Amino acid sequence: MKRLIPLCIFGAAISCGLLTTSCDNNARLAGQLTGVWAGTPESFTDRSAITASIIDTFDFQPDTCVGRGCHAGPLLITGMVTTSTQVVGDNSLIEPINISTAAHTTISGSWTVIDDDELLIRLNPATLKVSIDPRDVAVNTNPYNPEAVKTDSLAPALSASIEAGLRHALLSRYASMTHFDDVEIKGQLMKYELNDIDHTLTRQM
């Protein structure tokens, strides 16, 4: 029994040391993470008529869990969206019209360091906001068609329809944004893997 005591103490010391190292690495990632990071354009669709491109900006706000054995904080994602779609003619439209516009989106949630290179992302779908200014809706019709529809009056209805389509597509997109793996931060770049796809963010501030 006397020989087992030193071995037990030695084993406990190793475990404690490994735990401390892991905690230090988690704290280091949390500290490096804080700030605003911009992504690159990514395409998405509502699987019908709308095709769009978005640039996400991630605002990883400071760790609010320090001293409680965890590392976590609020997260705000803003998006700049460009989109295009087509409205097929019906009783009110003589011919199809092409529509392009820009949108601004926001969604909030939280981030949590679950390992020294892994983040758990939780986004609240109830916080998703999609905003389109009807004045930014560009409608293209055939200028040589004397029966071409007057589109100015359609802009509010079109923007509302596009907002609904974008909301549906973005809810699905953000629902899959749950786990950042292989997170590596060097200088002004953050690299990570999401759903088996490599991504890169650039620090803004």
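1. In this note, helices and strands are DSSP runs, numbered from the N terminus; a helix has at least four residues and a strand at least two. With that naming, strand β11 is the element that contributes the most to the lining of the largest pocket, giving five residues. The structure discussed here is a predicted model.

2. The overall fold may be taken next. The protein chain contains two helices and eleven strands. Followed along the sequence, these elements are arranged as α-β-β-β-β-β-β-β-β-α-β-β-β. Among contacts between residues at least 6 apart in sequence, 60% join residues at least 24 apart.

3. On burial and surface, the chain has 205 residues, and 35% of them are buried. Its accessible surface is about 12100 Å², with 57% of that area belonging to carbon and sulfur atoms.

4. The interior deserves attention. In soluble globular proteins, nonpolar side chains tend to be buried together. The largest nonpolar core in this model has 41 residues, and the members that touch the most others are Phe60, Leu119, Leu166 and Phe180. Two or more residues of this core come from each of α1 (4-33), β3 (51-60), β4 (72-87), β5 (97-115), β6 (118-123), α2 (155-175), β9 (179-186) and β10 (189-194).

5. Leucine 166 offers a useful example from this core. Which residues does leucine 166 touch, not counting those up to four places away in sequence? They are Phe44, Ile50, Ala52, Val81, Thr83, Ala103, Val130 and Ile132.

6. The largest pocket encloses about 470 Å³ of space. It is lined by 24 residues, of which Glu42, Ser43, Phe44, Arg173 and Ser176 are the closest to its centre. The elements supplying two or more lining residues are β2 (42-45), β3, α2, β10 and β11 (197-203). By character, the lining comprises eight nonpolar, ten polar and six charged residues. Phe44 therefore belongs to two parts of this account: it is among the lining residues closest to the pocket centre, and leucine 166 touches it.7. The last point concerns a loop. Glycine 69 is found between β3 and β4. Is glycine 69 buried or exposed? Glycine 69 counts as exposed because its relative accessible area is 81%, and the cut-off for exposed is over 50%. Glycine 69 and alanine 27 are 42 residues apart in sequence, while their C-alpha atoms are 10.0 Å apart in space.

Terms used. Residues numbered from 1 in each chain as written. Predicted model: local features only at pLDDT ≥ 70, side-chain atom pairs only at ≥ 80, totals over all residues. Heavy atoms only, no water. Core = buried A, V, L, I, M, F, W, Y, C linked by side-chain atoms within 4.5 Å. Buried < 20%, exposed > 50% of the residue type's maximum accessible area, 1.4 Å probe, protein only. Contact = heavy atoms within 4.5 Å. Areas by Shrake-Rupley, 256 points an atom, 1.4 Å probe, with all protein chains shown as cover. 1 Å grid on protein atoms, 1.4 Å probe; cavity = no way out; pocket = protein on both sides within 12 Å on 5 of 7 lines; lining within 4 Å. Points joined across faces, edges and corners; volume = space filled by probe spheres on them. Nonpolar A, V, L, I, M, F, W, Y, C, P; charged D, E, K, R; others polar.
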